[in-house]
Amino acid sequence: MTLQSALFLIGFSFSHVFFPGHPTPLLLATGGMGLKNAWKFTLGMAIAHGLLMALALAVGGFLLQLLTAAWPAGKFWLSHVDIPILLVLGLFLLREAFRRGDEEERAAKKLDPKRPFLTGAAIGFIPCPDTIGYAMIGGALGASGLLELTFATSIVFLGTALGFCSVTAVAGFVPKLIRSPKLGPAICLITALVCFVNVTYRTWTTWKDWA
């Protein structure tokens, strides 16, 4: 795995916690649970969703090895499938950056689970729209062996878990910022730009390889 791939994985895993379709508004509601229950809820989500995303990445990498064994000539195309995926994802996030999520945020304020850790874990195990994307990215990474694939999945798990934990940590210090309706759109916009930069770089390096 290249340094570029590792940095992208950690950044993508951290920021995807804020992507549309995630239970982030529920996490933002932890401010009303009390510090102890808030962290139980957060850790449940962080562990469960981190494991789910890491599993999706591992399955994608495993399927790539099976496909390339049956179709050696297709390895090049499969290892570059991340370019259109990131392009579509960037466009989707760009659209979501200018949409409002007020209704979802209002509904989140009603959350008050009696068993916060189990509730968080149950929510975290719900597949998000990015689950398929992680599987495709896992295939695009083209991990050469078990050690490299284990390293990639560890990065995904840690990045996802840190994303959830950072929300609760910041909520304790700057509650107005973390509950701002502008936070989600801002993160979507920034991540969309990161996707476009990555697509540009990957397209340029691929073109140089062809040339």
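Start with the whole protein chain in a cartoon view: this predicted model has 11 helices and 0 strands. Follow the chain from the N terminus and the elements run α-α-α-α-α-α-α-α-α-α-α. Of its 211 residues, 45% count as buried. Now switch on contacts: among those with a separation of 6 or more, 89% link residues 24 or more positions apart.

**The core**

Select Leu-9, Phe-12, Leu-57 and Tyr-134. These are the residues with the most contacts inside the largest nonpolar core, which has 24 residues. Which helices each supply at least two residues of this core? Colour H1, helix H3 (35-70), helix H5 (82-96), helix H8 (130-141), H9 and helix H11 (183-210) to see them.

Next, select Val-17, Ile-123, Phe-164 and Cys-165. They belong to a second, separate core of 13 residues. As background to both stops, nonpolar side chains tend to be buried together in soluble globular proteins.

Go back to Phe-12 and show what surrounds this residue. Leaving aside neighbours within four places in sequence, Phe-12 is in contact with Phe-19, Leu-89, Asp-130, Tyr-134 and Ile-137. Tyr-134 is worth keeping highlighted, being another of the residues with the most contacts inside the largest core.

**A buried threonine**

Move to helix H9 and pick Thr-160. Is Thr-160 buried or exposed? Its relative accessible area is 0%, so Thr-160 is buried. Show its partners: not counting residues up to four places away in sequence, Thr-160 touches Ser-13, Phe-14, His-16, Val-17, His-49, Gly-50, Met-53 and Tyr-134. You have already met two of these partners, Val-17 in the second core and Tyr-134 in the largest one.

**The surface**

Turn on a surface view. The protein chain exposes about 11600 Å², and carbon and sulfur atoms supply 73% of that area.

Now select Leu-3, Leu-7, Ile-10, Phe-14, Leu-158 and Leu-162. Together they make a nonpolar surface patch of about 580 Å². Helix H1 (3-15) and helix H9 (146-173) are the elements that give two or more residues to this patch. Which of them provides the largest share? H1 does, with 4 residues.

Finish by zooming in on Leu-7, a patch residue found in helix H1. Why does Leu-7 count as exposed? Its relative accessibility is 54%, and exposed means over 50%, so Leu-7 passes the cut-off. For contrast, look back at Thr-160 in H9, which is buried at 0%. Phe-14 ties these last stops together: this residue is part of the patch and also touches Thr-160.

Methods:
Residues are numbered from 1 along each chain as its sequence is written. This is a predicted model: local features need pLDDT of at least 70, side-chain atom pairs count only at pLDDT 80 or more; totals for chains, interfaces and linings use all residues. Side-chain values use heavy atoms; hydrogens and water are left out. Patches are made of residues with over 30% relative accessible area and no salt bridge: like charges are joined within 9 Å, nonpolar side chains (Val, Leu, Ile, Met, Phe, Trp, Tyr) within 5 Å. Accessible areas come from the Shrake-Rupley method with a 1.4 Å probe; for residues, only the protein chains shown count as cover. A salt bridge is a side-chain nitrogen of Lys or Arg within 4 Å of a carboxyl oxygen of Asp or Glu. Buried means under 20% relative accessible area, exposed over 50%, partly exposed in between (1.4 Å probe, protein chains only). Contact means heavy atoms within 4.5 Å. A nonpolar core is a set of buried Ala, Val, Leu, Ile, Met, Phe, Trp, Tyr and Cys residues joined through side-chain atoms within 4.5 Å.
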